[in-house]
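Got the model open in your viewer? Here's a short tour of what to click on and what you'll find there.

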Amino acid sequence: MASPLEQALGMLVAKEGDRYKLRKAEMKELLLTEMPSFVGEQVDESGLQQLMRNLDADGDAELDFQEYAVFLALAAELCDEFFRECADERNRKV
Ligand SMILES: [Ca+2]
């Protein structure tokens, strides 16, 4: 069975169109498979549309690596805030 990293690499190699860019449907698949805790079982289409608009700096309806890196940075920041809040709550209970 392929590891998550191998699956992600396989997705990049097998994808159609520009293999270095993510279209909205590919971003949706990536969110569902790689970040299910963030998005739940279904991706909110209007939220996904807004996310793509916000990240797609050059307006070509695809995310290149730089645009995707912005998403990763935002996701990391959200995780950091989430875990800080969890730690704060835990400290308050002690
Ligand atoms: Ca773009």
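Start with the calcium ion: the six donor atoms around it subtend angles of 53 to 158 degrees, so the arrangement counts as irregular (octahedral would need opposite donors over 155 degrees apart and all others between 65 and 115). This is a predicted model, where local features need pLDDT of at least 70, side-chain atom pairs count only at pLDDT 80 or more, and totals for chains, interfaces and linings use all residues. Residues are numbered from 1 along each chain as its sequence is written, and side-chain values use heavy atoms, with hydrogens and water left out.

Now select the protein donors: D56 (OD), D58 (OD), D60 (OD), E62 (O), and E67 (OE) twice, lying 2.2 to 2.6 Å from the calcium ion. Donors here are N, O and S atoms within 2.8 Å of the metal, or 3.2 Å for Na, K and Ca; water isn't among the atoms, so sites may look incomplete. Along the chain, the spacing reads D-x1-D-x1-D-x1-E-x4-E.

Next, color by accessibility. D56 is buried at 12% relative accessible area, while D60 is partly exposed at 28% (buried is under 20%, exposed over 50%, partly exposed in between; 1.4 Å probe, protein chains only).

Zoom in on E62, in the loop between α4 (45-55) and α5 (65-93); helices are DSSP runs of H or I, at least four residues, numbered from the N terminus. Beyond its neighbours within four places in sequence, E62 is in contact (heavy atoms within 4.5 Å) with D18, K21, L22, R23, D56 and E67.

Last stop, F71: leaving aside neighbours within four places in sequence, F71 contacts M27, L31, M35, L51 and L55.

Key
Tetrahedral: all angles 85-135°; square planar, octahedral: opposite > 155°, others 65-115°. Helix = DSSP H or I, 4+ residues; strand = E, 2+ residues; numbered from the N terminus.
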